Amino acid sequence: WRRLGALPGRFSGLGRPSRRQAGGMAECWMNIRTSTTGDLQVFLQSVPTSLTTTVSATRTLTSGDSGKVFAVTTGTYTVTLPTPAPGLRFGFVITTDSAGVVGFTCGTAALHGVVSINDVNTQVNNRTTINFAAAAVVGDFLSFTGLSATEYLVAGATTGVAGITMA
């Protein structure tokens, strides 16, 4: 997937993203320097080199969808993630400028992580819903990784001031 390598560059003050490709998969890494931890290499995501499928209406995912990267089209609908389990992975990227709200929910499971909203890192702590809002634009992304039977790790970025919202 050609665009993934450029997306993390939206984070201000972070290192230049690097990519490796092998066997139809792209891995994206970024180096982060902080005053407390020094240099840290962060694995952002390993995804197919092309988008797997499009989601454009309400959909309930299953564990069989793990590993897919979904192209998100405009509209107002909800994507329900399956009960989390260690290693489940789902990626979503906006492929048309949003005119609606696309919600991602995981029932009673908790979402934890960080999303960059207009270059401001925003903590996701104990949330159950996260949305691509009307301000989301092409290239904005969210990824979900199962941590346990009750938690997902979420990471993402938007250049819009309110392109990602949480509940």
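Which residue in strand 8 is the bridge partner of Phe70? In this predicted model, the partner of Phe70 is Phe92. The two strands concerned, strand 6 (residues 69-72) and strand 8 (residues 89-94), run parallel and are joined by four bridges. In general terms, the strands of a sheet pair through backbone hydrogen bonds, and the pairing may be either parallel or antiparallel.

Strands 6 and 8 belong to an open sheet of seven strands, whose order is 4-6-8-13-14-10-11 and whose pairing is mixed. The edges of this sheet are formed by strand 4 (53-55) and strand 11 (120-127), each of which pairs on one side only. From one strand to the next, the twist averages 20°. Taken as a whole, the chain contains 15 strands and zero helices.

Strand 13 (141-146) and strand 14 (151-158) are connected by a loop, and Ser148 is found in that loop. The side chain of Ser148 reaches two backbone nitrogens, that of Thr150 at 3.1 Å and that of Glu151 at 3.3 Å. When neighbours within four places in sequence are left aside, Ser148 is in contact with Pro84, Ala85 and Pro86.

A further residue considered here is Thr105, which is found in strand 9 (residues 102-105). Is Thr105 buried or exposed? Thr105 counts as buried because its relative accessibility, 19%, falls under the 20% limit that defines this class. Not counting residues up to four places away in sequence, Thr105 touches Thr78, Val79, Thr80 and Leu81, as well as Thr128 and Thr129. With one of these residues, Thr128, there is also a polar contact, in which the side chain of Thr105 reaches the backbone oxygen of Thr128 at 3.5 Å. Thr105 and Ala167 are separated by 62 residues in sequence, while the distance between their C-alpha atoms is 9.5 Å.

Two residues may be described together for their backbone angles. Most residues other than glycine have a negative phi. Asp119, however, has a positive phi near 70° and is not a glycine, and Asn126, likewise a residue other than glycine, has a positive phi of about 60°. As to their places in the chain, Asp119 lies in the loop between strand 10 (110-117) and strand 11, whereas Asn126 is found in strand 11 itself, which is one of the edge strands of the open sheet. Asp119 counts as partly exposed because its relative accessibility is 41%, a value that lies between the limits of 20% and 50%. Asn126, by contrast, is classed as exposed because its relative accessible area of 55% is over 50%.

Finally, some totals describe the chain as a whole. Of its 167 residues, 44% are buried, and Thr105 is one of the residues that count as buried. The chain exposes about 7,900 Å², of which carbon and sulfur atoms supply 53%. Among the contacts in the chain with a separation of 6 or more, 52% are accounted for by residues 24 or more positions apart.

Definitions and conventions. Residues numbered from 1 in each chain as written. Predicted model: local features only at pLDDT ≥ 70, side-chain atom pairs only at ≥ 80, totals over all residues. Heavy atoms only, no water. Pairing = 2+ DSSP bridges. Axes fitted to C-alpha atoms, helices over the stretch in contact; angles between N-to-C directions. Polar contact = N/O pair within 3.5 Å; in protein donor to acceptor, adjacent residues only side chain to side chain. Contact = heavy atoms within 4.5 Å. Buried < 20%, exposed > 50% of the residue type's maximum accessible area, 1.4 Å probe, protein only. Areas by Shrake-Rupley, 256 points an atom, 1.4 Å probe, with all protein chains shown as cover.
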